[in-house]
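Got the structure open in your viewer? Let's walk through it together, one selection at a time.

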Amino acid sequence: MTRSPQISFLSRETAELHRHIESLPIMSQLLDKDLTKTALVRALEALLLAHSPLDNTLRDILPRILPTYRTPPRAPLLISALRDLGQSSFNEGSLQFPPSASLPETLGVLYVLEGSTLGGQMIAKRLEQSSLSLSPQGLSFFLLGNMTPSPWENFLQHIPESPSSQEFLEEMLRGATRTFQHFLTAFSSSIAKQSFRTVPSGFHQDFEMDSLTKALSP
Ligand code: HEM
């Protein structure tokens, strides 16, 4: 499928952030052949910290900004996956995701949310092949991209067909950039909590925080 100029622009301008986020250990380990249950639980917890406030904000703003737009809330799927792995308590954190004020900014936010389901499909395949024997519930978050229509295809239907002004593009990019940064913040707060809980010396914590700090600096 040919990409619209708006998507090509967002893709190009956020490529570095994407490369960074997918290479963070908390994400990259999801593709490991030897992924452990503990590592999967940690990744799901970090994703829950990011998605929970994003779900809440989208529930509030979509009816006003894009009333016909539908996307499944992610927190229930993440909680169901964590339950499937034997976790009985969940920390949804106190992170907020400030509402976007305009259509282009909201489209930028949705670009990141729905785009991430493309990576999810790749992760789901690896998880299916792993020795963890996950149930459909355990996989449901990563299988979102297989819905019909897929969240990504649905999102693409909402991109204006007529060329966008530079101002519109910049506003979309603002929405996308702050959404990637929101994920980085959530992952960093999750890693900090987990390192505090499990690592006696500060080595891993320093390593992870250092790479995150670099990613967050302008
Ligand atoms: C291990 C973690 C991840 C992997 C392996 C991964 C991998 C991928 C892959 C294979 C694609 C499809 C690229 C294409 O079709 O050209 C993709 C797209 C995308 N991913 Fe990820 N991803 C990961 C995590 C994330 C996260 C955490 C986010 C958001 C916070 C994210 C946001 C996106 C976006 C916005 C796109 C659409 C990019 C575009 O085509 O313009 N990804 N990812």
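A quick bit of vocabulary: Ala, Val, Leu, Ile, Met, Phe, Trp, Tyr, Cys and Pro count as nonpolar, Asp, Glu, Lys and Arg as charged, and the others, Gly among them, as polar. Residue numbers start from 1 along each chain as its sequence is written. You're looking at a predicted model, where local features need pLDDT of at least 70, side-chain atom pairs count only at pLDDT 80 or more, and totals for chains, interfaces and linings use all residues.

**Stop one: the ligand.** Select the residues around the ligand (C-beta atom, placed from the backbone, within 6 Å of it). There are 19, and the closest are Ser11, Met27, Gly115, Ser116 and Gly119. By class, this shell has 12 nonpolar, 6 polar and 1 charged residues. Now show helices (DSSP runs of H or I, at least four residues, numbered from the N terminus). Helix H6 (103-129) gives the largest share of the shell, 8 residues.

**Stop two: a cis bond.** Go to Thr148 and Pro149, joined by a cis peptide bond with omega of about -10°. Pro149 sits in the loop between helix H7 (136-139) and helix H8 (151-157). Most peptide bonds are trans.

**Stop three: the tail.** Color by pLDDT, the predictor's confidence in each residue, from 0 to 100. The chain's mean is 88, and 88% of its residues reach 70 or more. Over residues 198-218, though, pLDDT stays under 50. Where pLDDT is low, the predicted coordinates should not be read in detail.

How values were computed: Helices (H or I, at least four residues) and strands (E, at least two) are DSSP runs, numbered from the N terminus. Two residues are in contact if their C-beta atoms, placed from the backbone, lie within 7 Å.
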